[in-house]
Amino acid sequence: MRRTAALTVTALTRGIHIVMDKQETTLMSNPAYGYSNVPEKWAVRISDNGEFIHQNQYTVTDQGVVNVSHGCINLSAQSAQAYFASAIYGDPVEVTGTSVELSAVDGDIYDWALTWEQWKALSVT
């Protein structure tokens, strides 16, 4: 089964994300950047706002050097398949190297961005 992921981010957010879903093939769309229903292989969802780790053969020479993504982490086919096979639901994924901070608007995974002291302060005493 293919799923469509509506990408709403324009830059990957920095912070701790979690593995939320895995699809061998998924369709991704981001009309703001001129693409719709593009199949991507080995897609691991790490947020509710359209951030994935997935295969993108078109960016292999840029990977780790230049940010050419609109909110995803691109990997080679071999690396994406290996990561997909090893990723477990709930695994933490720490994203660095971007100036866009994970925030409350990113939904459920924002809990992971809080320090332990911040988290305890939210609890009922």
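The following conversation looks at the pockets and one surface patch of a predicted model.

Trainee: Why is Val68 called partly exposed?

Mentor: Val68 has a relative accessible area of 35%, and because buried means under 20% and exposed means over 50%, with partly exposed in between, the value of 35% puts Val68 in the partly exposed class.

Trainee: What makes Val68 fit for a surface patch, and which residues make that patch with Val68?

Mentor: Patch residues need over 30% relative accessible area, and Val68 has 35%, so Val68 passes that cut-off. Val65, Val66 and Val68 make a nonpolar surface patch of about 250 Å².

Trainee: Where in the chain is Val68 placed?

Mentor: Val68 is in the loop between strand E5 (52–55) and strand E6 (73–75).

Trainee: How much space lies in the largest pocket, and which residues are the closest to its centre?

Mentor: The largest pocket holds about 360 Å³ of space, and of the 18 residues that line it, Leu12, Val66, Asn67, Cys72 and Ile73 are the closest to its centre. By class, this lining has eight nonpolar, nine polar and one charged residues.

Trainee: What is the volume of the second largest pocket, and what lines it?

Mentor: Its volume is about 240 Å³, and 15 residues line the second largest pocket, with Tyr35, Glu40, Asn56, Val68 and His70 the closest to its centre. Strand E4 (residues 35–45) gives the most to this lining, with three residues.

Trainee: How do you know which class Glu40 belongs to in that lining?

Mentor: Glu counts as charged, and because the lining of the second largest pocket has seven nonpolar, seven polar and one charged residues, Glu40 is the one charged residue there.

Notes:
Residues numbered from 1 in each chain as written. Predicted model: local features only at pLDDT ≥ 70, side-chain atom pairs only at ≥ 80, totals over all residues. Heavy atoms only, no water. 1 Å grid on protein atoms, 1.4 Å probe; cavity = no way out; pocket = protein on both sides within 12 Å on 5 of 7 lines; lining within 4 Å. Points joined across faces, edges and corners; volume = space filled by probe spheres on them. Helix = DSSP H or I, 4+ residues; strand = E, 2+ residues; numbered from the N terminus. Patch = residues over 30% accessible without salt bridge, like charges linked within 9 Å, V, L, I, M, F, W, Y side chains within 5 Å. Areas by Shrake-Rupley, 256 points an atom, 1.4 Å probe, with all protein chains shown as cover. Salt bridge = Lys/Arg side-chain N within 4 Å of Asp/Glu carboxyl O. Buried < 20%, exposed > 50% of the residue type's maximum accessible area, 1.4 Å probe, protein only.
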